[in-house]
Amino acid sequence: MTEMPNVLWLDEISKDDIPSVGGKGASLGEMTSVGLPVPKAFVVTAQAFRKFLVETGLEDSIFTLLSDLDVDNNEALEEVSQSVKDLVLGAKMPEGIKEEVLAAYASMGDGEMVVAVRSSATAEDLPDASFAGQQETYLNIKGEADVIEAVQMCWASLYGARAIYYRAKQGFDDRTVNIAVVVQQLIGSEKSGVMFSSHPVSGEPLTIIEGSWGLGEAVVSGSVSPDKYVYDRRLKRVVDRLISNKEYMIVPVGEHGTELVEIPKDRQDEPVLTDTEVERLAEFGRISEEHYGVPQDLEWGTVGDTIYILQSRPITTIGVNAHKAAPAAAPAGELGAIILEGNGASPGVASGPVIIVHDVKDLGKVRDGDILVAKMTNPDMVPAMRKVSGIVTDEGGMTCHAAIVSRELGTPAVVGTKTATKTLKNGQVVTIDGEKGLVFEGAAAVPAGAQAVPAAQMVGAAVAQAPIITATSIKVNVSMPEAATRAANSGADGVGLLRIEHLILGLNKTPGWFIKNGKEEEFISELYTGIKTVLDAFPGKPVWVRTLDAPTDEFRNMLGGEDEPEEHNPMLGWRGIRRDLQSEAQFRMQVETFKRLWDQGYDNLGLMFPLVSHPDQFVRAKELLAGWGVDVDAVDLGIMIEIPACAILIEDFCKAGISFASFGTNDLIQYTIAIDRNNQLVTPMYWPKHPAVLKLIHDAIAVCREYDVECSICGQAGSDPKMVEWLIRNGITSVSANIDAVPKIRETAARTEKRMILDAVRSRNAEERNL
Ligand code: PEP
Ligand code: MG
């Protein structure tokens, strides 16, 4: 048997060499072989490590220590781990190995090359967790002595306490476990970041690139908000870019370290990448994805005009079903032209024949898998909306009925196209992209209806892969009981808004009809079952149920709709708490339902009153509840802050005893700047971050904090990462997002919290230095 070399260069390595060079080494070798620009590197092989153990005589002493160890005894585990690591670090590397490593290092540069030294796990049949604690990386290593020391430190990391524990629990013999070490030229990246060769949730051929200034750790660790670029591989162009304010970057410092430094003000808002660079990066992503046969998660860096690909591994958040949907990665050109543009209201791609719905009469024609096209959807269309594979409307923005319902159903939707009902024809086959807001001619290779599965499951899958703990409570908005499981799978900390009107509207009868026909029990039982489904999906977590809030025009087409008042402007009319306080019979049916649920022990049910403008309304609602037998001191009663008057009087609400408050920004924005949220003509003026809106929110949060009242948001702005960053920085303690947005919002919260801690520590250090 030929003896395996101690050192192998990347171009000598293929994927079959994992036992010698580990997963990382083999992957870099493969990447090099397909022509990806990987920085120069060699691998100190697993055989070198084994020789080291044998020649130094460590093998026996280490395995004796390990074989006597009870890994469930934490103290002993830590102690043995430390002793073994000390043995490995204290032993002298055999001259033969050392010479080869140093010769390889010398040939990389003039013996002064700055390198990264990384552990590379060798047992391909071990799950990643078995290598926990073993993936040590030492950056910015320079000079012979330091390279040798770093290699030994990687070797020692094989005996970290967690690594020993996992191997023992999985029955792996420590004698057979090896480790390789990659020594790689360290790129002093001027720009760097990460890239998903395809969309990490849906698997679509959208390359997503995040980038920032300086070394990549800033992006990977989340200590900066990077720029984000979306490159559509079908259209071969950048389709979205979000340029962040990048305050910090990580740069190499001294011999070994890195440092977080402030980016000069004039570069903070400058885009990191040009479109040409995005395109070149996306091409490398494509090469890698095609080579490995699955979408890749890559790390990249640039020096001058040179792009380097530092790592490529499969994206783990795309599940089996999303791969099925991934045929959207169909060869470019298969899709037809873009025929309409609107707002991407519910993500996902769907193809199917168009069915145009002008009114109730057309609903019977809707078939499974159709693309429903309407001026705007309304509640009586919900049963049809459940069947279709996609929804397109002429009117509406991100908070319209079609947007809210389709997000809940996990059905891709494009709203506000202005002319869909005129441009599209019945039976015409189209493909819609609910993320980018585009409608294409023809069918993509996405099986109709497939989008609902990934949308439903991938959110959960992404969370299952990477649970992130945040101090901010990340809740979820729910409107339909059928979405409860999906909502819970998002990993949300509770429901920050359960809109019950969708539950009632789905019955196709107005509350007035139930009362007029003596069918209150029917109403109560439907409402009870729907809310209970959501409560059951969130055991022990708060579920804030909002009392009825439907404008009268939404009731118009239902049984009993003829008795609804004709209102000149329903948005400013008889809705929310005002209607309930005037129509006690309607309010009482709801309260009876809540009371039965509380009586059943669902004490996680909190009630939220919409459209309150004066504390007297809250007080009156509470009195009515008490009068109907609710123990109002034992349950959580809160309000929505949706009217400027409410934000301005928030202190009086706190004094009146609210348990929580939640910004309904969809309404708060329209009432503050007088822009109808549903009116297409003024949509461009609907400005969520209008300074007046921000001031109302800022001041109300401060008051809630003073009174220790939980303050949240449940409007659409709570699904916007930028807005959420601002809210957290301004003291909000809870955010309720749409189901599909929960993972992203949790990530934003985690990143923002980390940045705030970092800022606080830095300013405290600066203060101490000035003392
Ligand atoms: C809001 O106004 O922000 C809100 C969440 O309520 P709705 O969209 O149901 O009016
Ligand atoms: Mg509202």
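In the next few minutes I will go through some helices and a few single residues of this structure, which is a predicted model.

Let me start with helix H4, which runs over residues 74-90 and so has 17 residues. From its first C-alpha to its last it reaches 24 Å, and that is close to the 24 Å expected at 1.5 Å a residue. Which residues of H4 are buried? They are Leu-77, Val-80, Ser-81, Val-84 and Val-88, and, when one looks down the axis of H4, these buried residues fall within an arc of 105°, so they line one face of the helix. It may help to recall that an α-helix has 3.6 residues a turn, so residues three or four places apart point the same way. The face turned away from the buried side of H4 carries Glu-75, Glu-79 and Gly-90, which are exposed. As for what covers the buried residues of H4, the cover includes helix H2 (46-55), helix H3 (58-67), helix H6 (144-156) and helix H7 (161-169).

That brings me to H2, where seven of the ten residues are buried, so this helix is largely enclosed by the rest of the structure. The buried residues in H2 are Ala-46, Ala-48, Phe-49, Arg-50, Lys-51, Phe-52 and Leu-53, and I would draw your attention to Arg-50 and Lys-51 being among them. Just after H2, Gly-57 takes a positive phi of about 75°.

Two of those H2 residues, Ala-48 and Lys-51, come up again when we turn to Asn-6, which is found in the segment before strand E1 (7-9). Is Asn-6 buried or exposed? With a relative accessible area of 5%, Asn-6 is buried, since buried means under 20%. Leaving aside its neighbours within four places in sequence, Asn-6 is in contact with Val-43, Val-44, Thr-45, Ala-48, Lys-51, Ile-97 and Glu-100. Of these partners, Thr-45 is 39 residues apart from Asn-6 in sequence, while the two C-alpha atoms are 5.3 Å apart in space.

Now I move to the helices with higher numbers, beginning with the pair H26 (665-673) and H27 (691-706). H26 and H27 pack at an angle of about 125°, with their axes 9 Å apart, and that angle makes H26 oblique to H27. Their crossing is right-handed, and the contact is made by Thr-665, Leu-668, Ile-669 and Thr-672 on the H26 side and by Ala-692, Val-693, Leu-696 and Ile-697 on the H27 side.

H27 also packs with helix H28 (residues 721-729), here at an angle of about 40° and with the axes 10 Å apart, and these two helices are therefore oblique to each other. The crossing of H27 and H28 is right-handed, and the contact is made by Leu-694, Ile-697, His-698 and Ile-701 of H27 together with Met-723, Trp-726 and Leu-727 of H28. Please note Ile-697, which takes part in the contact with H26 and also in the contact with H28.

Finally, a word on backbone angles, given that most residues other than glycine have a negative phi. In the loop between H26 and H27 we find Ala-674, whose phi is near 55°, a positive value, and Ala-674 is exposed, with a relative accessible area of 66%. Lys-236, in the loop between strand E8 (227-232) and strand E9 (237-242), likewise has a positive phi, near 55°, and at 57% relative accessibility Lys-236 counts as exposed.

How values were computed:
Residues are numbered from 1 along each chain as its sequence is written. Chains are lettered from A and ligands numbered from 1 in the order in which they are written. This is a predicted model: local features need pLDDT of at least 70, side-chain atom pairs count only at pLDDT 80 or more; totals for chains, interfaces and linings use all residues. Side-chain values use heavy atoms; hydrogens and water are left out. Helices (H or I, at least four residues) and strands (E, at least two) are DSSP runs, numbered from the N terminus. The expected span of a helix is 1.5 Å times one less than its number of residues. Buried means under 20% relative accessible area, exposed over 50%, partly exposed in between (1.4 Å probe, protein chains only). The arc is that of the directions from the helix axis to the C-beta atoms. Contact means heavy atoms within 4.5 Å. Axes are lines fitted to C-alpha atoms, for helices over the stretch in contact, and angles run from 0 to 180 degrees between N-to-C directions. Angles under 35 degrees count as roughly parallel, over 145 as roughly antiparallel, 65 to 115 as roughly perpendicular and the rest as oblique. A crossing is left-handed if the near helix is turned anticlockwise from the far one by less than a right angle, and right-handed if clockwise.
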